[in-house]
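Please open the structure in your viewer and keep the selection tool at hand. The stops below say what to select and what is there.

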Amino acid sequence: MRALPDPVWPVVVLALIQVGDGVLCMGPVRFVRECFEGVKFPREWWWVTVPVKFAAAVGLILGVWVPVLGGVTVWALVAYFLVAVFIHVRARDFGRNLFLNAAGMLAICVSVALYSFGP
């Protein structure tokens, strides 16, 4: 792992995406609600996504100065979105929620992990 993430901007952009995602999960907004319902995610657990998203954003931002934390955070996001893809496939939710939301975020997270924290 590099001494510091290089370049830093993808890490910051991913952190901002996570903040935005956390805000969208607060209601949640309609498309997030439909995503949760599409995979039959229990309503009593919806609240958990908000602190997870905000914690990921904090981990990424702190990871600019503590690269190990940033690396662990970005790979944890990769695992999170791998699970999300699996859950969408298992629920046969093959629409926008799978391809744009889960798989799209998985691709972004893997890209940031390799580009900013890779060898």
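**A nonpolar patch on the surface**

Select Val8, Val12, Leu16, Val58, Ile61, Leu62, Trp65, Val66, Val68, Leu69 and Val72: they make up a nonpolar surface patch whose accessible area together is about 980 Å². The model is a predicted one. Now colour helix 1 (9-26), helix 3 (49-62) and helix 4 (67-90), since each of these helices contributes at least two residues to the nonpolar patch.

Stay with one member of the patch, Leu69, which sits in helix 4. Is Leu69 buried or exposed? Neither: Leu69 counts as partly exposed because its relative accessibility is 33%, between the limits of 20% for buried and 50% for exposed.

**The cysteines**

Next, show the cysteine side chains. How many disulfides are there? The count is zero. Select Cys35 and look for the nearest cysteine sulfur: it belongs to Cys25 and lies 8.5 Å away, and Cys35 is in no disulfide. A pair of sulfur atoms would have to be within 2.5 Å to count. Cys35 is classed as buried because its relative accessibility is 13%.

Move to Cys109, which is also in no disulfide. For Cys109 the nearest cysteine sulfur is that of Cys25, at 13 Å. Cys109 has a relative accessible area of 0%, so it is buried.

**A glycine in a loop**

Last, select Gly95, in the loop between helix 4 and helix 5 (96-117). With a relative accessibility of 32%, Gly95 counts as partly exposed. Add Cys35 to the selection: Gly95 and Cys35 are 60 residues apart along the chain, and 9.8 Å separates their C-alpha atoms.

Key:
Residues are numbered from 1 along each chain as its sequence is written. This is a predicted model: local features need pLDDT of at least 70, side-chain atom pairs count only at pLDDT 80 or more; totals for chains, interfaces and linings use all residues. Side-chain values use heavy atoms; hydrogens and water are left out. Patches are made of residues with over 30% relative accessible area and no salt bridge: like charges are joined within 9 Å, nonpolar side chains (Val, Leu, Ile, Met, Phe, Trp, Tyr) within 5 Å. Accessible areas come from the Shrake-Rupley method with a 1.4 Å probe; for residues, only the protein chains shown count as cover. A salt bridge is a side-chain nitrogen of Lys or Arg within 4 Å of a carboxyl oxygen of Asp or Glu. Helices (H or I, at least four residues) and strands (E, at least two) are DSSP runs, numbered from the N terminus. Buried means under 20% relative accessible area, exposed over 50%, partly exposed in between (1.4 Å probe, protein chains only).
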